[in-house]
Amino acid sequence: MPMHPETEGPFPVTERLRLMCVHAHPDDESSKGAATMAKYVAAGVEVLVVSCTGGERGDILNPELQDDPHILRDLAQVRRDEMAAAQAILGVQHSWLGFVDSGLPEGDPLPPLPEGCFALEPLEVTIEALVREIRRFRPHVMTTYDENGGYPHPDHIMCHVVSVAAFDAAGDPAAYPHAGEPWQPLKLYYNGGFTKARIQALHDALVAMGEESPYAEWLAGWERPDRAVTTRIHAADYYDVRDRALLAHRTQIDPNGTWFKVPRDVQQREWPYEDYEAAASFVPIAEGEDDLFAGLGSAEKATATASSGGLHLVHDTRVERSA
Ligand SMILES: [Zn+2]
């Protein structure tokens with residue numbers, strides 16, 4: 001009979017560090033921070049991906065699957081299957097928050113968001129759902145998107161709003177008292193993968209090799225100011241895992257598209273890390289940080305800190321979004 005030492009005797013229960021990564025749609029977890037997650041899984045950290053929506057309104061971006069009747073009949077189920085495949089590749093745990101994809105509104109003027117979608121749900125409903133998940137999984141560290149959503153999809157912006165509010169509320173016994181025992185995650189990071197510095201480095205490397213760069217136009221029109229990267233996770237050894245997880249989202253990714261135009265060895269050489277921005281933390285963020293759990297000590301110590309109450313943020317660079 002198989003033994004599960006973590007949950008059944010005779011071995012003692014061992015505490016492990018826990019990371020929760022909150023994402024808007026299935027596939028976002030594989031395009032933002034996936035190599036980091038795979039690295040932490042390999043190091044024995046428990047990693048949970050939370051998908052706010054089911055991705056029901058995603059476009060089929062793989063030309064080979066565009067007219068597949070099986071996919072068109074039940075895209076929601078296809079995306080659940082794709083997510084399960086990506087989850088297995090990354091070695092993470094996964095939960096669905098259960099909200100419905102808002103879709104990316106296009107046109108001028110923009111059409112209204114569809115009724116019942118994630119971005120239109122009352123905030124107390126969406127925040128409570130994530131607070132419940134935080135109190136169940138008890139992460140020491142959380143990741144989400146910055147206040148611009150990384151890119152302006154309504155679900156990505158809402159993912160930020162809900163994650164930040166849930167990070168603040170989960171440790172407060174007076175907040176959502178029916179959503180489980182209070183638990184305060186100790187650090188909150190924003191995924192910061194798409195910096196100009198990274199895209200420029202990949203572009204320059206391709207040009208120097210005499211290869212065609214898919215980024216020239218993107219760089220020429222770049223207007224977004226770079227985010228304040230505080231933390232770099234060296235994760236080049238896990239880029240293959242990241243790519244396999246991304247490809248598992250078969251309907252959402254064109255295997256011949258921009259994503260896979262830069263050879264993996266060029267990426268590993270030119271930008272061997274995934275970038276993060278510390279948004280809020282109960283421990284100081286050191287200069288040149290290279291670990292999302294830096295400053296927390298052992299899993300036992302981190303849990304003791306998170307459970308101690310009376311904590312004060314020592315780092316908080318979050319921008320209040322005006323409603
Ligand atoms: Zn998304």
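In the predicted model, helix H4, which covers residues 75-90, packs against helix H9, which covers residues 239-248, at an angle of about 170°, and the axes of the two helices lie 8 Å apart. Because of that angle, H4 counts as roughly antiparallel to H9. On the side of H4 the contact is made by Glu82, Ala85, Ala86, Ile89 and Leu90, while H9 contributes Val241, Arg244, Ala245 and Ala248.

Strand E1, formed by residues 18-23, is largely enclosed by the rest of the structure, because 6 of its 6 residues are buried. Both of its faces are covered, with Arg18, Met20 and Val22 buried on one side and Leu19, Cys21 and His23 buried on the other. Strand E1 is joined by 6 bridges to strand E2 (residues 46-53), and the two strands run parallel; within this pairing, valine 22 has valine 50 of E2 as its bridge partner. Strand E1 also pairs with E4, again in the parallel sense, over 3 bridges, and here methionine 20 stands opposite methionine 142 of E4.

Strand E4 consists of residues 141-144, and its side chains alternate in direction, so to speak, in that Val141 and Thr143 point one way whereas Met142 and Thr144 point the other way, with all of these residues buried. Besides its pairing with E1, which is parallel, E4 is joined by 4 bridges to strand E5 (residues 187-191), and these two strands likewise run parallel. In that pairing, valine 141 has lysine 187 of E5 as its bridge partner. Between the two strands the chain passes from E4 through H6 to E5, and the resulting β-α-β crossover is right-handed.

The largest nonpolar core of the model contains 67 residues, and the members that touch the most other members are Cys52, Leu130, Val131 and Ala166. Helix H6, which spans residues 154-169, supplies the largest share of this core, with 8 residues. Apart from this core lies another one of 5 residues, which includes Leu202, Tyr215, Val262 and Trp271.

Two members of the largest core may be considered in turn. When residues up to four places away in sequence are not counted, cysteine 52 touches Val22, His23, Ala24, Leu97, Phe99, Phe118, Asp155, Cys159 and Val162. Alanine 166, which is found in helix H6, has 29 other C-beta atoms within 10 Å and is therefore buried, given that 20 or more such atoms are required for a residue to be placed in this class. With neighbours within four places in sequence left aside, alanine 166 is in contact with Ile127, Leu130, Val131 and Ile134. The C-alpha atoms of alanine 166 and leucine 130 are separated by 6.2 Å, although these residues are 36 residues apart along the chain.

Tyrosine 276, located in strand E7 (residues 273-281), is also buried, because 24 other C-beta atoms lie within 10 Å. Its contacts, not counting residues up to four places away in sequence, are with Tyr189, Tyr190, Asn191, Gly192, Val229, Thr230, Thr231, Ile233 and Leu292. The C-alpha atoms of tyrosine 276 and valine 229 are separated by 5.6 Å, while the two residues are 47 residues apart along the chain.

Some features of the backbone also deserve a description. Most residues other than glycine have a negative phi, and most peptide bonds are trans. In this model, however, aspartate 108 and proline 109 are joined by a cis peptide bond, for which omega is about 0°; proline 109 is found in the loop between strand E3 (93-99) and helix H5 (123-137). A positive phi, near 55°, occurs at arginine 138, a residue that lies in the loop between H5 and E4. Tyrosine 176, in the loop between H6 and E5, likewise has a positive phi, with a value near 45°. Arginine 138 counts as buried because it has 20 C-beta neighbours inside 10 Å, and tyrosine 176 counts as buried because 20 C-beta neighbours lie inside 10 Å of it.

Notes. Residues numbered from 1 in each chain as written. Predicted model: local features only at pLDDT ≥ 70, side-chain atom pairs only at ≥ 80, totals over all residues. Core = buried A, V, L, I, M, F, W, Y, C linked by C-beta atoms within 7 Å. Buried ≥ 20, exposed ≤ 12 C-beta atoms within 10 Å, placed from the backbone. Contact = placed C-beta atoms within 7 Å. Pairing = 2+ DSSP bridges. Right-handed = clockwise from strand over helix to strand, strands pointing away. Axes fitted to C-alpha atoms, helices over the stretch in contact; angles between N-to-C directions. Parallel < 35°, antiparallel > 145°, perpendicular 65-115°, else oblique.
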